[in-house]
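Biologist: Please take one part of this model and go through it closely, then work outward from there. I would like the cut-offs stated as you go.

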Amino acid sequence: MSKEIGGDKPEKKKEKTAKTKPMPLDAAPDFTEWVKKQPKPKLDDKGASPPEPPQDLKEPREHGTKEQQKGGQT
Amino acid sequence: MINYLHCYVNDRPDTDWNTCGTAAIATISDYWGRNPYGLWRREYDWHNGRWYWDDGEAIDAIRNHGYGPDVVFGWGTTGGRIADALRSYGCSASVGYSGFFSWGWENLWSSLQNYLYWNRPVPVMIDLGAIGGPWWGVHWAIAYKIDGGRIYLGNCPWNPNPTINDFLNAWHCWFLPYGFNHCAVYS
């Protein structure tokens, strides 16, 4: 794994903003058609539940690195 | 408790209107220490002084390897697609959603709280209109903390810490079909 020291920290950038495209049901007939074609739940459909989480992470993981890093790490 | 979570953001105009699920895959895989596509860490996060992948590069890499949006017409990403991606990176992942007439939503809410308690961030599918964003805007945000009657959501600039009641309304996504209500991916 190779590293590249970035020197001074980069200038603070503007916060990024997620993009989305609303899907109004009456304005998106394709979407409405798709919704209609989806399987309808039956009376006994109970959805899906996840397993209990492993209780092994008392402290949050700290991802990211302290230095700039080139690719290749897997 | 996770006080701050670096979340990847789908922010490129015209390109990223439907890649919030792909960004969620990037966030969770990075959180669990996976870098399956050998991405550089070239973006500096001033919040915590650490380096991360470029958001667009991460999204493109994930999409180019077959884990991009999978809802018809590219409208978005299913929980199953997110879970498949995470499993392919060696993470455990399972999708939760409520049943007929929201059956089981209370248990899903308990599960979500439990995962966050154990410092496991959870992608959640929400209706942005219920938390002050655009109506009919369905979005994958990353739940990472519950504190003071609020839930903290990454990659959710419209309302990063809605009240729990507002969040539960948003999580319902009542206008979406079975399999998309109270939907989340647990890893």
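Modeller: The answer below starts with one strand and its partners, then moves to the surroundings.

This is a predicted model, in which local features need pLDDT of at least 70 and side-chain atom pairs count only at pLDDT 80 or more, while totals for chains, interfaces and linings use all residues. Residues are numbered from 1 along each chain as its sequence is written, and chains are lettered from A and ligands numbered from 1 in the order in which they are written.

The part chosen is strand S5 of chain B, residues 138-147. Helices (H or I, at least four residues) and strands (E, at least two) are DSSP runs, numbered from the N terminus. Of the 10 residues of S5(B), 8 are buried, so the strand is largely enclosed by the rest of the structure. Buried means that 20 or more other C-beta atoms lie within 10 Å of the residue's own, exposed means 12 or fewer, and partly exposed is in between, with C-beta atoms placed from the backbone.

S5(B) has a partner in strand S4(B), residues 122-127, to which 6 bridges join it in an antiparallel arrangement. Strands count as paired if DSSP finds at least two bridges between them. Strand S6(B), residues 150-154, also runs antiparallel to S5(B), through 5 bridges. Asp147(B) has Arg150(B) as its bridge partner in S6(B). The hairpin of S5(B) and S6(B) has 2 residues between the strands, and Gly148(B) there takes a positive phi near 60 degrees.

On the other side of the strand in sequence, the loop between S4 and S5 of chain B holds Trp136(B). Its phi is near 65 degrees, a positive value in a residue other than glycine. Trp136(B) counts as partly exposed because it has 19 C-beta neighbours inside 10 Å.

Back in S4(B), Met125(B) is bridged to Trp140(B) of S5(B). Leaving out residues up to four places away in sequence, Met125(B) touches Gly79(B), Val138(B), Trp140(B), Cys173(B), Phe180(B), Cys183(B) and Ala184(B); contact means C-beta atoms, placed from the backbone, within 7 Å.

Met125(B) also belongs to the largest nonpolar core, which has 61 residues, and is among the members touching the most others, together with Ile25(B), Val122(B), Ile126(B) and Ala143(B). Such a core is a set of buried Ala, Val, Leu, Ile, Met, Phe, Trp, Tyr and Cys residues joined through C-beta atoms within 7 Å. Helix H1(B) gives the most to this core, with 7 residues.

H1(B), residues 20-31, packs against helix H2(B), residues 55-67, at an angle of about 100 degrees, with the axes 9 Å apart. Axes here are lines fitted to C-alpha atoms, for helices over the stretch in contact, and angles run from 0 to 180 degrees between N-to-C directions. That makes the two helices roughly perpendicular, on a scale where under 35 degrees is roughly parallel, over 145 roughly antiparallel, 65 to 115 roughly perpendicular and the rest oblique. Ile25(B) is one of the H1(B) residues in this contact, and Ile59(B) and Ile62(B) are among those from H2(B).

A last residue for comparison is His182(B), in the loop between helix H5 (164-172) and strand S7 (184-186) of chain B. Its phi, near 50 degrees, is positive in a residue other than glycine. His182(B) counts as buried because it has 26 C-beta neighbours inside 10 Å.

Terms used
Two residues are in contact if their C-beta atoms, placed from the backbone, lie within 7 Å.
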